[in-house]
Each structure stands twice: as C-alpha cells, then as structure tokens.
Amino acid sequence: MRGHLMKWGPMMEPFGDWDKFFEDFNKGSVAGFSPALDIYEKGNDLMVDVQLPGIDPDKVDISVENDVLTIQGKMEKKSEVEEKNYYRKELRAGSFYRSIALPAHVQGDKAKAAYDDGVLKIAIPMKKAEKASKVKIAVKKK
C-alpha cells in the first residue's frame with residue numbers, strides 16, 4: 001500500500017480526483033474495494049492469499065487467463081446492535097475486483113482454491129521452465 005502527504009488547501013487540484021480514478025482503474029481496483037493479497041511460491045505452486053473476511057465464498061469468482069489472475073465478487077454484511085430498547089441495523093455491501101499479472105507462467109486450468117477463516121487461498125501450479133535449445137540455421141547462397 002502506498003501513502004503520501006498532500007498540502008492542504010481550500011481547493012483541491014481540478015484533475016486530482018480524476019487522476020486517482022484512472023490510476024486506480026488501471027490497477028484494477030475501482031469497483032468498491034480492492035482486497036489485500038500476498039503472492040509467494042510454495043513448492044511448485046504459486047500461492048495467492050486474499051483477505052476476504054465476512055465474504056461468502058460462493059459469491060467470489062476466480063479466473064486465470066494468460067498468467068493474469070482475476071478475483072471478483074460481492075459482499076453483504078448485516079449486523080445488529082442492541083442499544084436501549086431498540087436495534088440499530090447496519091448494512092455493508094459492495095463489490096470488489098482485483099486483476100493482477102502473476103510473476104510466473106502458470107497452469108491456470110489446474111488451480112485450486114479454499115476459503116478458511118476469512119482468507120481465500122489459491123494454489124496455481126507453475127509451468128516448468130523450458131530448457132533453452134540452440135538451433136543452427138543454415139544460410140542459402142544465391
């Protein structure tokens with residue numbers, strides 16, 4: 001996550017909000033919120049851990065295409081708190097979308113995912129590196 005300081009002024013930059021919108025859009029994080037994730041290697045798999053607390057895993061779509069992982073879904077959370085003789089109801093809802101280029105070539109069709117304690121764990125087998133081979137090319141003379 002990236003943070004920065006801005007000088008306060010009575011008026012914001014006229015295009016500042018648009019710049020941020022397009023910056024976020026290019027990163028794939030405009031639709032509601034962008035879930036935090038960790039990517040690491042474990043054996044022959046590329047592992048992706050996505051923080052999705054309180055989200056129904058049945059409402060999450062995961063796909064891999066051309067070594068790009070896409071995770072999207074919806075969340076809806078209701079909570080009730082009793083105060084004096086009435087209830088306060090809060091509804092948190094929204095969608096999320098995250099698309100990220102993976103750091104290795106993977107076999108997306110063999111990916112597996114599990115959801116446990118608010119964390120979506122995705123295991124994607126990496127493709128084995130092909131050995132470079134030297135090919136001699138003959139040159140024809142005219």
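**Exercise 1.** Is N66 buried or exposed?

*Solution.* The structure is a predicted model, in which local features need pLDDT of at least 70 and side-chain atom pairs count only at pLDDT 80 or more, while totals for chains, interfaces and linings use all residues. Residues are numbered from 1 along each chain as its sequence is written, and side-chain values use heavy atoms, with hydrogens and water left out.

Step 1. Buried means under 20% relative accessible area, exposed over 50%, and partly exposed in between (1.4 Å probe, protein chains only).

Step 2. N66 has a relative accessibility of 69%, so it counts as exposed.

Step 3. N66 lies in the loop between β3 and β4, and its phi is positive, about 50°, although it is not a glycine. Most residues other than glycine have a negative phi.

**Exercise 2.** Describe the secondary structure and the confidence of the model.

*Solution.* Step 1. Helices (H or I, at least four residues) and strands (E, at least two) are DSSP runs, numbered from the N terminus. The protein chain has one helix and seven strands, in the order α-β-β-β-β-β-β-β from the N terminus on.

Step 2. pLDDT is the predictor's confidence in each residue, from 0 to 100. Its mean over the protein chain is 78, and 65% of the residues reach 70 or more.

Step 3. Among the elements, β7 has the highest mean pLDDT (96), and helix α1 (residues 16-27) the lowest (52). Over residues 26-31, pLDDT stays under 50. Where pLDDT is low, the predicted coordinates should not be read in detail.

**Exercise 3.** Which residues touch the most other members of the largest nonpolar core?

*Solution.* Step 1. A nonpolar core is a set of buried Ala, Val, Leu, Ile, Met, Phe, Trp, Tyr and Cys residues joined through side-chain atoms within 4.5 Å.

Step 2. The largest such core has 17 residues, of which V48, V50, I71 and I122 touch the most other members. The elements that give two or more residues to this core are β2 (45-51), β4 and β7 (119-125).

Step 3. Contact means heavy atoms within 4.5 Å. Leaving aside neighbours within four places in sequence, V50 is in contact with residues including P35, L37, I71 and I122.

**Exercise 4.** Determine the surroundings of D67.

*Solution.* Step 1. D67 is found in the loop between β3 (60-65) and β4 (68-83).

Step 2. A salt bridge is a side-chain nitrogen of Lys or Arg within 4 Å of a carboxyl oxygen of Asp or Glu. Lys and Arg count as positive and Asp and Glu as negative, whereas His and the chain ends are not counted. D67 is buried yet has no salt bridge, and the nearest side chain of opposite charge, K127, is 5.5 Å away.

Step 3. A polar contact is a pair of N or O atoms within 3.5 Å; within protein, one must be able to donate a hydrogen and the other to accept it, and residues adjacent in sequence count only if both atoms are side-chain atoms. Such a contact, of 2.6 Å, joins the side chains of D67 and H105. In addition, a polar atom of the D67 side chain lies 2.9 Å from the backbone nitrogen of V106.

**Exercise 5.** Where is I124 placed, and is I124 buried or exposed?

*Solution.* Step 1. I124 is in strand β7.

Step 2. With a relative accessible area of 0%, I124 is buried.

Step 3. Not counting residues up to four places away in sequence, I124 touches, among others, V48, V64, L102 and V106.
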